[in-house]
Amino acid sequence: MNAQKVLADLQRRFPNEPEYHQAVEEVLSTIEEEYNKHPEFDKANLIERLCIPDRVFQFRVNWMDDAGNIRTNMGYRIQHNNAIGPYKGGLRFHASVNLSILKFLAFEQTFKNSLTTLPMGGAKGGSDFSPRGKSNAEVMRFCQSFMLELWRHIGPDTDVPAGDIGVGGREIGYLFGTYKKLTHEFSGILTGKGLEYGGSLIRPEATGYGNIYFLTEMLKTKGMDLKGKTCLVSGSGNVAQYTMEKVLELGGKVVTCSDSDGYIYDPDGIDREKLDYIMELKNLYRGRIREYAEKYGCKYVAGARPWGEKGDIALPSATQNEIDEYDAKKLIANGVIAVSEGANMPSTPEAIRVFQQAKILYAPGKAANAGGVSVSGLEMTQNSIRLSWTAQEVDEKLKGIMKSIHEACVKYGTEADGYVNYVKGANVAGFMKVAKAMMAQGTI
Ligand code: NDP
């Protein structure tokens, strides 16, 4: 494989998709060496077949707002690769959603799902509809219209979507209800469902908890743990909330969190009571993080990210490309020892280089945040066997999966000087399983 040539071809065929190119470039640069040990892969043109999605659905979604106006948004589903299981990946509802972002996420999801040890292919979807500022009734009407198109492309053994940015329990409920009505079938078509209708315990917590389990494994390699460590968290949504919860439980301190308008810095630490307030503010009242600073009298910085504050560990949990080279240098200068990504691709390639050159512990999202989709996979299993496991059972399985992902990263990512390159480890481990399955299944 000539990684530069493959990338140049993709850029020519799919121009104006920078996030997709960025994700492909990161993977190709780390798997090239391993790939080239297998001439049979190149003969089967495996790399192009793995980079280009199996198919892309794109559709218009009409819905009526509360004032009676007909509004139009775009809907998408990218079915990237199903070599090792049904397509699986979240739906994102956010104004910034476009084909490039969803193609990057579906591509990454394929490797992440492969790492989980569960049989799941990679997919992603969503819309440029943003639930922010919309009434409950508007969100419901949008979800119903979106599913009117999506339902024909998905199925419990074909493609099983889940939540992501802007798609939480409320949205999943409306989407599920519509699918059920259209198909006259009660099946495990979505994950992240409510507990009353087939959801799994620990699914809401899974991404944040899983990230901290992964971080704990990384710290262990240095003989350290979370006790007394100060953590910088970004975001204040699903992933950020349960990341903070697990940090608190394990004796760490969280001093920042954010939303798309700015961040708060609380030097006393976000304790249990303050975290409950954030959960209520964000999940119930859909308020702004600025209100936290007003309530607890701490610093709020509008239009900025928290990476200039002092801390031992950074846990980006908001969105892609939220840590650039400048931020990464500030983190290193302030003595950060570990960065573990709850969000997908939150660090730019330049930022990753800064972390790796400083030889700190750095875990890419596709390894560290794989707990979410892992418990989604466990939700599918429970739906198939029509049983529900206890929270403790699911949590134990989640811990086991995160530990095995960590082991795979160490196995494939340890360099000559002993430094673990988690990016390379995750990419190579994820890639090899998918590649072998594709080879076994012929040129389809
Ligand atoms: P939520 O919608 O629950 O929360 C997202 C948070 O990030 C909010 O605080 C939001 O602020 C903030 N945010 C969103 N977009 C931007 C932006 N462009 N700039 C700054 N802040 C932003 O989403 P999740 O917590 O589910 O997802 C967060 C990240 O984790 C995403 O990268 C997602 O892909 C990834 N992820 C999520 C998984 C899951 O299980 N939910 C699984 C694996 C990865 P505001 O409130 O202002 O919108």
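Select Glu 149 to begin: this residue is partly exposed, with a relative accessible area of 28%, where partly exposed is the range between buried, under 20% relative accessible area, and exposed, over 50% (1.4 Å probe, protein chains only). The model on screen is predicted, so local features need pLDDT of at least 70 and side-chain atom pairs count only at pLDDT 80 or more, whereas totals for chains, interfaces and linings use all residues. Residues are numbered from 1 along each chain as its sequence is written, and side-chain values use heavy atoms, with hydrogens and water left out.

Glu 149 belongs to helix α6, residues 136-150; helices (H or I, at least four residues) and strands (E, at least two) are DSSP runs, numbered from the N terminus. Add Phe 57 to the selection: Glu 149 and Phe 57 are 92 residues apart in sequence, and their C-alpha atoms are 9.6 Å apart in space.

**Gly 166 and its partner**

Move next to Gly 166, in the loop between β5 (159-162) and α7 (169-183). Gly 166 counts as partly exposed, at 31% relative accessibility. Showing Phe 93 as well gives a pair that is 73 residues apart in sequence, with 4.8 Å from C-alpha to C-alpha.

**The ligand**

Now select the ligand and the residues around it, a residue being near if one of its heavy atoms lies within 4 Å. There are 25 residues around the ligand, and Asp 164, Thr 207, Ser 260, Arg 288 and Asn 344 come nearest. By residue type, the shell divides into four nonpolar, 14 polar and seven charged residues, where Ala, Val, Leu, Ile, Met, Phe, Trp, Tyr, Cys and Pro count as nonpolar, Asp, Glu, Lys and Arg as charged, and the others, Gly among them, as polar.

Three polar contacts can be displayed here, a polar contact being a pair of N or O atoms within 3.5 Å; within protein, one must be able to donate a hydrogen and the other to accept it, and residues adjacent in sequence count only if both atoms are side-chain atoms. At Arg 288, a polar side-chain atom lies 2.6 Å from an oxygen atom of the ligand. At Ser 236, a polar backbone atom is 2.9 Å from an oxygen atom of the ligand, and at Gly 342 a polar backbone atom is 3.5 Å from an oxygen atom of the ligand. Of the 900 Å² of accessible area that the ligand has on its own, the protein covers 82%; such areas come from the Shrake-Rupley method with a 1.4 Å probe, and for residues only the protein chains shown count as cover. Colour α8 (203-220), α9 (238-249) and β7 (253-259) to see the elements that give two or more residues to the shell.

Colouring by domain, with bounds from an automatic or database domain assignment, shows how the ligand is placed: domain 1 (53-186) and domain 2 (206-368) both give residues to the shell, so the ligand lies between them.

**Helix α9 and strand β7**

Stay with α9, which has twelve residues and reaches 17 Å from its first C-alpha to its last, close to the 16 Å expected at 1.5 Å a residue; the expected span is 1.5 Å times one less than the number of residues. Nine of the twelve residues of α9 are buried, so this helix is largely enclosed by the rest of the structure; among them are Val 239, Tyr 242, Glu 245 and Lys 246.

In strand β7, pick Thr 256, which is buried at a relative accessible area of 0%. The side chain of Thr 256 reaches the backbone oxygen of Val 233 at 2.9 Å.

**Helix α5**

Select residues 99-115 for helix α5, whose 17 residues reach 25 Å from first C-alpha to last, close to the expected 24 Å. Because 16 of its 17 residues are buried, α5 is largely enclosed by the rest of the structure. Its N-terminal end is capped by Asn 98, with a side-chain oxygen 3.1 Å from the backbone nitrogen of Ser 100, and just after α5, Thr 117 takes a positive phi of about 80°.

**Two loop residues with positive phi**

Finish with two loops. Asn 45, in the loop between α3 (39-43) and α4 (46-51), has a positive phi of about 50° although it is not a glycine, and it counts as partly exposed at 33% relative accessibility. Arg 386, in the loop between α15 (371-385) and α16 (391-413), has a positive phi of about 55°, again without being a glycine, and at 68% relative accessibility Arg 386 counts as exposed.
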